[in-house]
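Trainee: I have a new model open and would like to go through it with you. Could we take the pockets and then the charged pairs?

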Amino acid sequence: MTSPGWILLHSSDDVVTAIRPIGAGESVIVPGRGSVAAMQPIMPGHKIALRPIEPGELVRKYGQPIGLATQPIPAGGWVHSHNLRHVDTSGEYEFATDVQVPPLPAEPRFFRGYRRPTGKAGTRNYVAVVSTVNCSASVSKRVAKAFDREALAAYPNVDGVIAITHGEGCGLPYAGLRHNMLNRVLAGYARHPNVGGVVLIGLGCEQNAMGFLTGSQNLVRLENLDVDDDDAIPLLVMQDQGGTRRTIEEGIRQVERLLPRVNDVKRVDVPASELIVGLECGGSDAHSGLASNPVLGHAADLLVAHGGTAVLAETPEIYGAEQLLTRRAVSREIGEKLLERIAWWKKYVGLFDAKLDDNPSPGNKAGGLTTIAEKSLGAVSKGGTTTLKAVYEYAEPIAERGFVVMDTPGYDPASVTGLIAGGCQIVVFTTGRGSCFGSKPAPTIKVASNTALFERMPEDMDFDAGVVLSGASLQAVGADLFDRILAVASGEPTKSEALDLGDEEFVPWTVGPTL
């Protein structure tokens, strides 16, 4: 229920959320619930109590508990961090009680993509220079920098040469969890459908040895190029090549050899069913859960209806709303796998005397979010309404079609890195505060939760979801976003691509000791 100044998200809620500044003494009228006068000025995104709330009472928003009152809150009072704290309300979970199958679309949809010999399709066509270890990062960057726009002018079907570099690869237990997580990420990027050709560069004495990476991940052939007599991935080891300069020279030669073959691939019609789209949010505010996330959720439902895959991530930002997803799980097994990841995160952060409610950032709170439950209830709406088909480990290859979850941190660069490594050809990133984020080789579409942000940062925001707060239909705006996803998949550049962002946002998440 909305008015020009506030929104009530569920009939059982104890609060409304301001969508414009509310003055002290201004009346907030809710049909069937009466009216309250704001006790003080309320900023957009912040909450106003609809009734007196006693200490120890649960406060509801989205029809779900978002926290426990820590002091008396009068009707019309501001509800925020000073009088509300997170409480774990998890108990008995329901499984597979809200399974929904989306209706088949009237007509199939397509995008113009790069068909690969593996059968997969890319939305971009890069050459990637992948560093196995931090020690070869500078060399990998030097190789990629040799191919600026002028050098690539003869290859119009190549989107660029990118260096995939990181701070990992040594000082880790050999073949342990951290090692295997890193190698899943590197292999996911090397064989990503948006990567036509790849060169691997290592130092030679690192723990993440080239042989372990290629052997454990079966990373042998240039899978995304048509079969050729010389189809092995170029593997360059600096200590064998003769040092820095010689490795750079050989890396440049190998990229030059790949470029004509990568350029030979042309865009063709590809069914929307072959799209895997990562769903991310960052720099969130309360408008994110009111506008941009539900809009993306509707676009995700449309993608799933067309046979595609929508991937929800950021497990710490599912905590507090996981009960909604277990009900949507296709089976108890899938629902329990999600709960296992939530339990792991609770234990993991506890090792460092932290808790999952530490997640809302100062920026989140300035935008009106108070507890992790409130943030998560808004965040999971990115996943739409369809059946949860699978739960994946970080950077695990995504095989199931439909709505799925990948276990990632809430930290955006690490989360998106895992999504891309898992096979997402596009990422849609909602933001309320204004995250300036880009990614390669998969482009990021940034969705503003409010029109003021969209107008304030026009060079960074791709799509304005805030129009739903002014009365536009959520379904219509979600359909427009789905159209934009298909357009970007077909080659339309995003704002972050125009700014050439994405080189520094490759941040693999690894768990374990540094030795």
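**Pockets and charged pairs**

Trainee: How do the residues lining the second largest pocket divide into nonpolar, polar and charged?

Mentor: Glad to help, and keep in mind that this is a predicted model. The lining of the second largest pocket consists of 22 residues. They divide into eight nonpolar, 10 polar and four charged.

Trainee: Which element gives the largest share of the lining of the second largest pocket?

Mentor: Three elements give two or more residues to the lining of this pocket: helix H6 (286-305), helix H7 (322-328) and helix H13 (474-489). The residues nearest the centre include Leu 324 and Arg 328. The largest share, five residues, comes from H6.

Trainee: What is the volume of the largest pocket?

Mentor: Start with what surrounds the space: the largest pocket is lined by 30 residues, and Tyr 126, Asp 159, Gly 160, Lys 440 and Asp 500 lie nearest its centre. The lining is made up of 13 nonpolar, five polar and 12 charged residues. The volume enclosed there is about 820 Å³.

Trainee: And which element supplies the largest share of the lining of the largest pocket?

Mentor: The candidates are helix H1 (137-145), strand S13 (160-164) and helix H14 (495-498), as each supplies at least two residues. With four residues, the largest share comes from S13.

Trainee: Now the charges. How many residues apart in sequence are the parts tied together by the pair Arg 178 and Glu 168?

Mentor: The two side chains meet in a salt bridge, at 2.7 Å from N to O. Arg 178 sits in helix H2 (residues 177-190) while Glu 168 sits in the loop between S13 and H2, so the parts that this pair ties together are separated in sequence by 10 residues.

Trainee: Is Asp 231 buried or exposed?

Mentor: Asp 231 forms a salt bridge with Arg 261, and the closest N and O atoms are 3.2 Å apart. The pair links distant parts of the chain, with Asp 231 in the loop between helix H3 (210-216) and strand S15 (235-237), and Arg 261 in helix H5 (residues 244-263). The cut-off for buried is under 20% relative accessible area. Asp 231 has 5%, so this residue is buried.

Trainee: Which residue forms a salt bridge with Asp 407, and where does that partner lie?

Mentor: Asp 407 is in the loop between strand S20 (402-406) and helix H11 (412-422), and is buried with a relative accessible area of 1%. The partner is buried too, at 15%. The closest N and O atoms of the salt bridge are 2.8 Å apart. The pair ties together parts that are 66 residues apart in sequence, and the partner, in helix H8 (residues 332-350), is Arg 341.

Trainee: Which residues are joined into one network by salt bridges that share partners?

Mentor: A search of the whole structure finds 24 salt bridges. Some of them share partners, and the residues joined into one network in this way are Asp 14, Arg 51 and Glu 57.

Trainee: One last residue: is Lys 365 buried, partly exposed or exposed?

Mentor: Lys 365 is placed in helix H9 (residues 362-366). Leaving out residues up to four places away in sequence, Lys 365 touches His 46, His 80, Ser 81, Pro 360 and Thr 370. Buried means under 20% relative accessible area and exposed means over 50%. Lys 365 has 29%, so this residue counts as partly exposed.

Notes
Residues numbered from 1 in each chain as written. Predicted model: local features only at pLDDT ≥ 70, side-chain atom pairs only at ≥ 80, totals over all residues. Heavy atoms only, no water. 1 Å grid on protein atoms, 1.4 Å probe; cavity = no way out; pocket = protein on both sides within 12 Å on 5 of 7 lines; lining within 4 Å. Points joined across faces, edges and corners; volume = space filled by probe spheres on them. Nonpolar A, V, L, I, M, F, W, Y, C, P; charged D, E, K, R; others polar. Salt bridge = Lys/Arg side-chain N within 4 Å of Asp/Glu carboxyl O. Buried < 20%, exposed > 50% of the residue type's maximum accessible area, 1.4 Å probe, protein only. Contact = heavy atoms within 4.5 Å.
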